[in-house]
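Biologist: I should like to learn how the features of a protein model are read. Could we take them one at a time, with the general idea before each case?

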Amino acid sequence: MPATSPLIPCSQLPRTAGYDSCLDFATTGLGACDSLNMSAMAASGDDVFNCGCVALVGSGPAQAMAVAEIDRWERRQAVVQFSLAALSCVCGTAYLVAAASSRAKRLRRFPASLAYCMHLSDLVKSVPLCLVAALRLLHDTGAGHVHDEAAAAAGSEPLAWVHTSSAECLCDAANAHPGCACRWGLLAFLLQAGLVGSVSYYLALAHNFHRTVADPFTRPASRALRYHAACCCAVLLLSATYLAPPEAGEAFGHGFRAAFLACWFPRRRGASLINNWQALLTVSLPIGGTWLMALALYVRSFGLLRQGASLRALLGDARFAQLRQGGAVVRVFFLYWVVTATLFVASWLLAGAPWRPQSECDFESLTLRSHFGGGAEGASSMCGVAAALQAAFSSMMCAGGAINSLAGFWAWRKAAVARRQSREAEGGDHSDLSATRSPQISSDLPRPPPYLPKGRHSLLRG
């Protein structure tokens, strides 16, 4: 790459041009970016996009072509994400309103209260995604992040584009940029809190489903307080760091992620094995760990459900049907998170795994690298696939609220049909009413199957 490349570290932008916030604070272990020699970087094979902030300066046709390509990609992604996130907001709001009505008391009872909180978390997650996508559609890039007046006053080249996760820097470059909404960390906190809440209550549902199948003689509502306490603690613990400024440390902060069109954790690259501890500890490990734990619980639960004859005799037809319907809803949640987590892990392995610390993959860096170089071209051969997977993961996050809410409505309808059929069956045989509604287990019930713990003498309720 020639020494006159239009790609420069943001630290080389003139401070008098209004770019005081465009620094390399989001990068670890790469202090050389402060006085980067582009020719030396190209000769050594380093990647300029490992700098925390990279600026594209100038107003030539090459710059305009690169900006137009990035703009087309982001607008297409924004259309998809806005449509899905808006649908999730509508479906989530409809479910919560319906559950709050006086005729839907069953949706507020345990374990339906866990699903209610999961739908609430999905709505909280969908709102910032919808807002940022809408702001991106409203943002007219024109010739890029134009700050011509300040640049002309400083006697410098105009800024065509800036590749960074710093909300303050993006606002300096163009105050209408959607990244400006990421300042102060509120939208990043809401996205992270909604994501963690959805994942936490999903795992609570999986664990409760397993305990209900494995131990039907323990009242499920007795576990409610512990589930809610654990989920609320997880939300606060894994989301509070997003309210801190990015300068607070490597495990704190917030920023605009163009790859996901979202306010989330800032971009951090460097030569260390792990550069973004915040993303690892609050996103990667919780999503991956939840997927593995839920998989183990479901395999065990559905294995026990195959012993249906013994369990049906203990619980009765109505309770057993309700349990099977709950299992069908759990399958929907499970399949959704299998797809979503797989997309995230695959994009992480291709774009930013710890054993690939010297590569940065998203569509912005991919486009700028293809037009102007920047080193490490060989390491970025899979960046196109990684960028597509990141967009797909973000779209699945936007669609999660709609998928889960529709599954909840479906379960609600199936449960209502089952209750109506149960009442009709009871009305046809009044001799069984007292036995059916008795809160105790009669002495003539079959003995519990061998996989059930003994000594429990209260029926499932709640």
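Modeller: Let us begin with burial. Asp71 has a relative accessible area of 14%, and because buried means under 20%, Asp71 counts as buried. Please keep in mind throughout that this is a predicted model.

Biologist: What does Asp71 form with Arg75, and how far apart are the closest N and O atoms?

Modeller: The general idea is that a side-chain nitrogen of Lys or Arg within 4 Å of a carboxyl oxygen of Asp or Glu makes a salt bridge. Asp71 and Arg75 form a salt bridge, with 3.4 Å between the closest N and O atoms. The two residues are both in helix 2, which covers residues 61-100, and they stand four residues apart, about one turn of the helix. Arg75 has a relative accessible area of 26% and is therefore partly exposed.

Biologist: Which parts of the chain does the pair of Asp71 and Arg136 tie together?

Modeller: The side chains of Asp71 and Arg136 meet in a salt bridge at 2.8 Å, N to O. Asp71 belongs to helix 2 and Arg136 to helix 3 (residues 112-138), so this salt bridge ties together parts that are 65 residues apart in sequence. Asp71 and Arg136 are both buried.

Biologist: Where does Glu74 lie, and where does its partner Arg136 lie?

Modeller: Glu74 also meets Arg136 in a salt bridge, at 2.7 Å from N to O. Glu74 is in helix 2 while Arg136 is in helix 3, so the pair ties together parts that are 62 residues apart in sequence. Both of these residues are buried. Through shared partners, the salt bridges join Asp71, Glu74, Arg75 and Arg136 into one network. The count of salt bridges in the model comes to four.

Biologist: Let us turn to the cysteines. How many disulfides does the count come to?

Modeller: A disulfide is read from the distance between two cysteine sulfur atoms, which must lie within 2.5 Å. By this rule there are three disulfides. One of them joins Cys10 to Cys53, with an S to S distance of 2.0 Å. The angle about the S-S bond is -65°, and the link of Cys10 and Cys53 is left-handed. This pair links distant parts of the chain, 43 residues apart: Cys10 is in the loop between strand 1 (7-9) and helix 1 (38-44), and Cys53 is in strand 2 (residues 53-57).

Biologist: Are Cys10 and Cys53 buried or exposed?

Modeller: Cys10 has 0% relative accessibility and so counts as buried. Cys53 is likewise buried, with a relative accessible area of 0%.

Biologist: What joins Cys171 to Cys180, and which cysteine forms a disulfide with Cys182?

Modeller: Cys171 and Cys180 are joined by a disulfide, with 2.1 Å from S to S. Both Cys171 and Cys180 are buried. Cys182 forms a disulfide with Cys263, the sulfur atoms being 1.9 Å apart. The link of Cys182 and Cys263 is left-handed, with -80° about the S-S bond. Cys182 is in the loop between helix 5 (167-173) and helix 6 (186-214), and Cys263 is in strand 5 (residues 262-264), so the pair ties together parts that are 81 residues apart in sequence. Cys182 and Cys263 are both buried.

Biologist: Why is the sulfur of Cys117 too far for a bond with the closest cysteine sulfur?

Modeller: The closest cysteine sulfur is that of Cys232, and it is 7.2 Å from the sulfur of Cys117, so it is too far for a bond. Cys130 is in no disulfide either, the nearest cysteine sulfur being that of Cys89, 4.9 Å away. With 14% relative accessibility, Cys130 counts as buried.

Biologist: Where is Thr241 found, and which residues is it in contact with beyond its neighbours within four places in sequence?

Modeller: Thr241 is in the loop between helix 7 (224-239) and strand 4 (255-257). With its neighbours within four places in sequence left aside, Thr241 is in contact with Ala251, Phe252, Gly253, Gln278 and Thr282. At 15% relative accessibility, Thr241 counts as buried.

Biologist: Finally, which residues form a nonpolar patch on the surface?

Modeller: Trp277, Leu281 and Leu285 form such a patch, and together they have about 290 Å² of accessible area. Trp277 is placed in helix 8 (residues 277-305). The relative accessible area of Trp277 is 36%, so this residue is partly exposed.

Technical notes
Residues are numbered from 1 along each chain as its sequence is written. This is a predicted model: local features need pLDDT of at least 70, side-chain atom pairs count only at pLDDT 80 or more; totals for chains, interfaces and linings use all residues. Side-chain values use heavy atoms; hydrogens and water are left out. Patches are made of residues with over 30% relative accessible area and no salt bridge: like charges are joined within 9 Å, nonpolar side chains (Val, Leu, Ile, Met, Phe, Trp, Tyr) within 5 Å. Accessible areas come from the Shrake-Rupley method with a 1.4 Å probe; for residues, only the protein chains shown count as cover. Buried means under 20% relative accessible area, exposed over 50%, partly exposed in between (1.4 Å probe, protein chains only). Contact means heavy atoms within 4.5 Å.
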